Amino acid sequence: MLLLLCFFGLCVFLLCLQWRHPKHKLLPPGSMGWPYIGETFKLYTQNPNSFFSIRQKRYGDVFKTHILGCPCVMISSPKAARVVLVSKAHLFKPTYPPSKERMIGPQALFFHQGPYHSHLKKLIQASFLPSAIKGSISQIENIVLHLLPSWNNSQINTLQQMKRFAFDVAMISAFGDQQDLEIERIKHLYQCLEKGYNSMPLDLPGTPFRKAMKARKVLSETLVKLIEKRRRRKEYGGGLLAVLLGGGGGGGGGVEEEEKKKLSDSQIADNIIGVIFAAQDTTASVLTWILKYLHDNHHLLEAVNKEQEAILQSKVCEGNRGLSWDDTRCMPFTSRVILETLRRASVVSFTFREAVEEVEFEGYLIPRGWKVLPLFRTIHHSPDFFPHPDNFDPSRFEVPPRPNTYMPFGNGVHSCPGSEMAKLEMLVLLHHLTTTYRWKVVGEESGIQYGPFPVPKDGLPIKVFPRKRKITSYN
């Protein structure tokens, strides 16, 4: 008993040392939960809205907690989020759990700041500018036209089918439409890697994590072979890979400086994997929620359909042409449905940053090495910025939201460079889906599951059937 008491006393002493703060500066209020475990289980086993709102009401817009083995400060005001993500972003570096960094690749854009990040961001943004993605519409449309007929008169798992769609689009974004022999192998290896992404990081024989890391090693080797082949032949193909292969500085320096800026094969491989990772799950989750919200709000589905029918009519009148870039610019209501889904679902509830030095923040101390989490979900669900936030109301985006209150793709230098591509693929799919099919949710129509993104329960099983069309003359 005496030994147990001594051990307990030592633990308390070590915890006090861990959470002490120099010069008597105040840490933000909050609870650190249990030793090591912290409040991780509370965050990941309940509605994140409840977790955040309870603590916000109790402690205010800045509070401390402990999740995933890390001391954290959560911030839930637009002003504070702007400080962390924009005005003082140099004090808060992007960070992920080490296991995630190993799976994606340590040289990926997400994990860096400074000159290397700036150079990479310019290259990746160039691949997703409107002028660059315009040419992708026909490719995305081909994917949709091959996918949707397989849903006809069938029951599908919406989330899984949307992941399939988003993955195929991500592959085109990454590699263009050039069909190298390695592409199918890359697809298979990435899918093996993905199965272990959200597993416990136990590097033991037979565990999902070990299997995923084996797949990651072979995937990197296969990507490097493809990169070497395209370099050797000087046939860069299309997509992001072509941009990264040609990734010199783009002028403004001598030959030696341009050579230094060229990316290594391993840097390119890590960033290709990173872009596929970023493009798949979030887009698939948002599309799943869109189908859920349109199913539950029939009048909104009809409004979307009316808008898309007008575009379909113009296509028929012009010889059954394919969807064009200009068509996607004539979808204001459908676009507002996407924007409201991004707000209401907030599939990315927060982002991780890490204080690179001791920071004084709104009267509190954030110690060096602590994680800082801007809470996008809390801001998106605040009635101060979005009246009746639990209502699904696309009309709220008829006027732009207040600055720093709407951040579905992040904010500042680390905001998502592929946001316009994500919206474009959603518009293309919704055009063909709403003009051709209808769907009915199977089983319970409520409930949310988290893994890690919030999605409708069981991935939203639905029955898909042909839409009953009115006979309309387009002559």
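**Close-up 1. Arg 102 and Asp 203 form a salt bridge in this predicted model.** At 42% relative accessibility, Arg 102 counts as partly exposed. Its partner Asp 203 is partly exposed too, with a relative accessible area of 36%. The closest N and O atoms of the pair are 3.8 Å apart. Arg 102 belongs to helix α5, residues 98-104. Asp 203 sits in the loop between α10 (182-195) and α11 (208-233), so the salt bridge ties together parts that are 101 residues apart in sequence.

**Close-up 2. Lys 187 and Glu 184 pair within helix α10.** Their side chains meet in a salt bridge, with 3.5 Å from N to O. The two residues are three apart in the helix, which means about one helical turn separates them. Glu 184 is partly exposed, at a relative accessible area of 48%. Elsewhere, salt bridges that share partners join Lys 93, Glu 354 and Lys 371 into one network. Across the whole structure, a search finds 21 salt bridges.

**Close-up 3. Arg 55 and Glu 39 make a buried salt bridge.** The distance from N to O is 3.1 Å. Arg 55 lies in helix α3. Glu 39 lies in the loop between α1 (2-19) and α2. The pair therefore ties together parts that are 16 residues apart in sequence. Are these two residues buried or exposed? Arg 55 is buried, and Glu 39 is buried as well.

**Close-up 4. A nonpolar patch lies on the surface.** Trp 34, Tyr 36, Ile 37 and Phe 41 make this patch. The patch covers about 570 Å². Phe 41 is placed in helix α2, residues 40-44. Its relative accessibility is 57%, so Phe 41 counts as exposed, a label that requires over 50%.

**Close-up 5. Five strands form an open sheet.** What is the order of the strands? They run β1-β2-β8-β5-β3, and the pairing is mixed. The edges belong to β1 (62-67) and β3 (92-94). Each edge strand has a single partner, so one side of each is left without a neighbour in the sheet. Neighbouring strands are turned by 35° against each other on average, direction ignored. Strands of a sheet pair through backbone hydrogen bonds, either parallel or antiparallel.

**Close-up 6. Strands β2 and β8 run parallel.** Strand β2 spans residues 70-75, and β8 spans residues 371-374. How many bridges join them? Four bridges do. Met 74 stands opposite Leu 373 in β8. Pro 71 is placed in strand β2. Pro 71 is buried, with a relative accessible area of 14%, because buried means under 20%. Pro 71 and Val 372 are 301 residues apart in sequence. In space, their C-alpha atoms are 8.9 Å apart.

**Close-up 7. Helices α3 and α4 pack on the sheet.** Helix α3, residues 48-59, touches β1 and β2. The direction of α3 makes about 135° with that of β1. Helix α4, residues 78-87, touches β2, β3, β5 (353-355) and β8. The direction of α4 makes about 125° with that of β8.

**Close-up 8. Strand β9 pairs with strand β12.** Strand β9 covers residues 437-441. Strand β12 covers residues 461-466. The two run antiparallel, joined by five bridges. Lys 440 stands opposite Lys 463 in β12. Why is β9 described as largely enclosed by the rest of the structure? Four of its five residues are buried, so the surroundings largely enclose this strand.

**Overview. The protein chain holds 19 helices and 12 strands.** Of its 475 residues, 50% count as buried. The chain exposes about 23,300 Å². Carbon and sulfur atoms supply 57% of that area. What share of the contacts between residues at least 6 apart in sequence joins residues at least 24 apart? The share is 73%.

Notes:
Residues numbered from 1 in each chain as written. Predicted model: local features only at pLDDT ≥ 70, side-chain atom pairs only at ≥ 80, totals over all residues. Heavy atoms only, no water. Pairing = 2+ DSSP bridges. Axes fitted to C-alpha atoms, helices over the stretch in contact; angles between N-to-C directions. Contact = heavy atoms within 4.5 Å. Patch = residues over 30% accessible without salt bridge, like charges linked within 9 Å, V, L, I, M, F, W, Y side chains within 5 Å. Areas by Shrake-Rupley, 256 points an atom, 1.4 Å probe, with all protein chains shown as cover. Salt bridge = Lys/Arg side-chain N within 4 Å of Asp/Glu carboxyl O. Buried < 20%, exposed > 50% of the residue type's maximum accessible area, 1.4 Å probe, protein only.
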